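Student: Could you take me on a close look at the metal site of this protein, and then at the spaces and charged pairs around the rest of the chain? I would like one connected walk-through.

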Amino acid sequence: MKPVEILRKLSDAFGVSGFEDEVRLKVREMIEPYVDEIRVDALGNLIATRRGASDKVLMLDAHTDEVGFIVKWIDDRGYLRFAPIGGWDERVVPGHRVEIDTRNAGRRHGVIGVAPPHILTPEERKAPIKMDNMFVDVGATSRKEAADMGIRIGDPFTIHYPFTELYNGYVTGKAFDDRAGCAVLIETAKRLAEETPPVTVVFAFVFGEEVGLRGARTASYQIEPDLALAIEGTIGADMPGVPEDRQPVRLGQGPAISVADRSIIVSRKLLESLETCADEAAIPYQYKLPTYGGTDAGAIHLSRGGILSGVVSVPCRFIHSPISTLRLNDLENTVRLVTGFVRSLPGSILS
Ligand SMILES: [Zn+2]
């Protein structure tokens, strides 16, 4: 399966934080042929191990969850009220179709409706709508009909757009943060399949990053790695109206290596080994501008007595909105950098 097809499967899968079973199942199917052992822990981390020539352990982390919403109330006319799961910009939420993951009735659909502009006052037209005032119209006309549809308080939902190829390796879909990272891990495992890696590589597909790096914390405690890399889909902001010094990363310029964000300051020793790997293989790369965002590395590096950790990201535009875009050559170059880094170990960094 080509990387674009891996990304398509993962992007189209449902995986709001804490409700990540479908993504986990797809990850498992795709990575199973390339690893020696797979287990899923009590909270939903999928941990896949590829044994290497030494007992040094590299943890490669990607999170399986995506930002979404949860039903918090169903009113007597059948409208759903909801709360965010993870960080949303309220301005971009209204006016989309959603997919609701019910407990026993499969997937149901609805629309985050807004009042028509015709009936709004000039002041109302200018003001963004608060999430507290938004609702989902599922086609039910009463609370009972919503219940008959199998919709309950606590059901998660997401805005769903199917994965689509745009032009020349430019693709769009939902949840590239962090299904792009999950795709990098699967493709890396595949490329290492025909060789014995110099160190043991543990591919950790962790839950709940968007609600506070939850899975990374418990996964890193169990794995107890010597070194870790979090692989992310991160903030591409090369777009009209944004000055260059506020563009954390740009599309088409290769993997983004983090120097410092809100959750970690990466050691220069680790930065230099990533840079050397990229330079030796002529892989283009960029720095993610400090100090935007935070990643699983924030939790991993503070695990146990402290773990040397870094972050490599696939640039994605429009993350934490209903739909994102990326360039497949950035995904490919991220895989090349991560694979090259594995092959460079133990190197000076682990010896
Ligand atoms: Zn993320």
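Tutor: Happy to; here is a walk that begins at the metal site, goes on to the empty spaces and ends with the charged pairs. Please keep in mind that this is a predicted model.

Let's start with the zinc ion. The ligands are H63, through NE2, D177, through OD, and E232, which is listed with two OE contacts; the distances run from 1.9 to 2.4 Å. If you want to find these donors in the sequence, look for the spacing H-x113-D-x54-E. H63 belongs to strand β3, residues 57-63, and E232 to strand β13, residues 227-236, so this pair ties together parts of the chain that lie 169 residues apart in sequence. H63 and E232 are both buried.

What is the geometry of the site of the zinc ion? It is irregular, with angles among the four donor atoms that run from 54 to 143°. A tetrahedral label would need all angles between 85 and 135 degrees, so this range does not qualify.

Now to the empty spaces. Rolling a probe the size of a water molecule over the atoms shows where empty space is left. In the whole structure, the search turns up one cavity of 30 Å³ or more. The largest cavity holds about 120 Å³ of space. Its lining is made of 16 residues, and the closest to the centre are V67, K174, A175, H320 and S321. Two elements, β9 (156-159) and α5 (176-191), each give two or more residues to this lining. Sorted by class, the lining of the largest cavity has eight nonpolar residues, four polar ones and four charged ones.

The pockets come next. The largest pocket has a volume of about 470 Å³. There are 21 residues in its lining, and those closest to the centre are V114, A115, L120, I129 and N133. By class, the lining of the largest pocket divides into 10 nonpolar, three polar and eight charged residues.

The second largest pocket has a volume of about 320 Å³. Its lining counts 18 residues, with I235, R262, G293, G294 and H320 the closest to the centre. You have already met H320, which is also among the residues closest to the centre of the largest cavity. Strand β13 gives the most to the lining of the second largest pocket, namely four residues, and β13 is also the strand that holds the zinc ligand E232. The classes in the lining of the second largest pocket are five nonpolar, seven polar and six charged.

That leaves the charged pairs. Side chains of opposite charge can pair when their charged atoms come close. The count for this model comes to 23 salt bridges, and a few of them are worth a visit.

One of them joins K9 and E29, with 3.7 Å from N to O. K9 sits in helix α1 (residues 3-12) and E29 in helix α2 (residues 21-31), so the pair ties together parts 20 residues apart in sequence. How open are these two residues? K9 has 29% relative accessibility and counts as partly exposed, and E29, at 48%, counts as partly exposed too.

Another salt bridge is formed by D36 and R50, at 3.9 Å from N to O. D36 is in the loop between α2 and β1 (37-40), while R50 is in strand β2 (residues 46-50), so this pair ties together parts 14 residues apart in sequence. The two partners fall into separate classes: D36 is partly exposed at 41% relative accessibility, whereas R50 is buried at 11%.

The salt bridge between R51 and E37 has its closest N and O atoms 3.5 Å apart. This pair links distant parts of the chain, with R51 in the loop between β2 and β3 and E37 in strand β1, 14 residues apart. R51 is partly exposed, with a relative accessible area of 47%, and E37 is partly exposed as well, with 38%. Beyond single pairs, E22, K26, D101 and R107 are joined into one network by salt bridges that share partners.

A last stop is Q222, in helix α6 (residues 214-223). Q222 counts as partly exposed, at 31% relative accessibility. From its C-alpha atom to that of A260, which is 38 residues away along the chain, the separation is 25 Å.

Key: Residues are numbered from 1 along each chain as its sequence is written. This is a predicted model: local features need pLDDT of at least 70, side-chain atom pairs count only at pLDDT 80 or more; totals for chains, interfaces and linings use all residues. Side-chain values use heavy atoms; hydrogens and water are left out. Donors are N, O and S atoms within 2.8 Å of the metal (3.2 Å for Na, K and Ca); water is not among the atoms, so sites may look incomplete. Four donors count as tetrahedral if all angles lie between 85 and 135 degrees; four count as square planar and six as octahedral if opposite donors are over 155 degrees apart and all others between 65 and 115; anything else is irregular. Buried means under 20% relative accessible area, exposed over 50%, partly exposed in between (1.4 Å probe, protein chains only). On a 1 Å grid over the protein atoms alone, a cavity is a set of points where a 1.4 Å probe fits but cannot get out, and a pocket is an open set with protein on both sides within 12 Å along at least five of seven lines; lining residues have an atom within 4 Å of a point. Grid points are joined across faces, edges and corners, and a volume is the space filled by probe spheres set on the points. Ala, Val, Leu, Ile, Met, Phe, Trp, Tyr, Cys and Pro count as nonpolar, Asp, Glu, Lys and Arg as charged, and the others, Gly among them, as polar. A salt bridge is a side-chain nitrogen of Lys or Arg within 4 Å of a carboxyl oxygen of Asp or Glu.
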